[in-house]
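Here are some exercises to work through with the model open beside you. Try each task before reading its solution.

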Amino acid sequence: MFEFGISGYRPAWLRGRSVVATAHGERLAVLQGRRLTRALLVWDLDEDVWFSDGLVMLDFEGEQVEIVHQKFDEISISWNTVDPAQPLDWAGAGFRLAWREGVPDELARLQGQRLQAVELLTWMGADMAQGMVAVGFLLPDGRVTIYNALDENGMEFTGPDQRYARHKLGA
């Protein structure tokens, strides 16, 4: 199993909103009311850009959610399993990668805010990504949605596309 550059990391791939909600919905909902204290992305040091194949880690006052997408519709969500102090090694591929905080600016501006809601978003578009599940985190001054950008992670900071079906957790 590929470790995404993280020694010992074992993603558990899920498909479909009901499967993701059953596995992680309650725990995601419990994050509501916690402050986003840290957001980390895998950074390509040579290109000085976000390495979007790597995990996205959001820490809500000590509860760290780790999200990664692959293929067209698979998501893995894990909890408190990754130590960002450990080095990243992308299967010996020669990438110089590191965890980076404070990027992009839109994500950095959300830090310190209390999480108001979590949504699971299901892509309903009539294309190969139909059924893909994204996770939206709503905060007082914005939101971040982590979605499948066709075999890598994508991030949006505006409201979801109208082709998403929105499912608020813990409401």
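## Exercise 1: Strand E3 and its neighbours

Task: find which residue of E3 is the bridge partner of Leu36, and then place E3 among its neighbours.

Solution. Start with the ground rules: this is a predicted model, in which local features need pLDDT of at least 70 and side-chain atom pairs count only at pLDDT 80 or more, while totals for chains, interfaces and linings use all residues. Residues are numbered from 1 along each chain as its sequence is written, and side-chain values use heavy atoms, leaving out hydrogens and water.

Step 1. The bridge partner of Leu36 in E3 is Phe60. Helices (H or I, at least four residues) and strands (E, at least two) are DSSP runs, numbered from the N terminus. Two strands pair if DSSP finds at least two bridges between them.

Step 2. Widen the view to the whole strands: E1 (residues 36-44) pairs with E3 in the antiparallel sense over 5 bridges.

Step 3. Now look at the other pairing. E3 is joined to strand E4 (residues 63-70) by 5 bridges, and these two run antiparallel. Here Asp59 has Gln64 in E4 as its bridge partner. E3 and E4 form a hairpin with 2 residues between them, and Glu61 in the turn has a positive phi of about 50°.

Step 4. Check the cover. In E3 (residues 56-60), 5 of the 5 residues are buried (under 20% relative accessible area; exposed is over 50% and partly exposed in between, with a 1.4 Å probe and protein chains only). Val56, Leu58 and Phe60 point one way, Met57 and Asp59 the other way, and all are buried.

## Exercise 2: Strand E7

Task: work out how many residues of E7 are buried, and name the strands that it pairs with.

Solution. Step 1. In E7 (residues 117-123), 7 of the 7 residues are buried, so the strand is largely enclosed by the rest of the structure.

Step 2. Sort the side chains by direction. Ala117, Glu119, Leu121 and Trp123 point one way from E7, while Val118, Leu120 and Thr122 point the other way.

Step 3. Follow the bridges. E7 pairs with E8 (residues 133-139) in the antiparallel sense over 6 bridges, and Ala117 has Leu138 as its bridge partner in E8. E11 (residues 164-168) is joined to E7 by 5 bridges, again antiparallel; in E11, Arg166 stands opposite Leu121.

## Exercise 3: Backbone details in the loops

Task: where are the cis peptide bond and the positive phi values of Asn80 and Asp151?

Solution. Step 1. The cis bond joins Val103 and Pro104, with omega about -20°. Pro104 is in the loop between strand E6 (97-101) and helix H2 (105-108).

Step 2. Asn80, which is not a glycine, has a positive phi of about 55°. Its loop runs between strand E5 (74-79) and E6, and Asn80 is partly exposed, with a relative accessible area of 37%.

Step 3. Asp151 has phi near 80°. This residue lies in the loop between strand E9 (142-148) and strand E10 (153-156), and is partly exposed at 44% relative accessible area.

## Exercise 4: The whole protein

Task: count the helices and strands, then give the order of the elements.

Solution. Step 1. There are 2 helices and 11 strands.

Step 2. From the N terminus on, the order is α-β-β-β-β-β-β-α-β-β-β-β-β.

Step 3. Finish with burial: 47% of the 171 residues count as buried.
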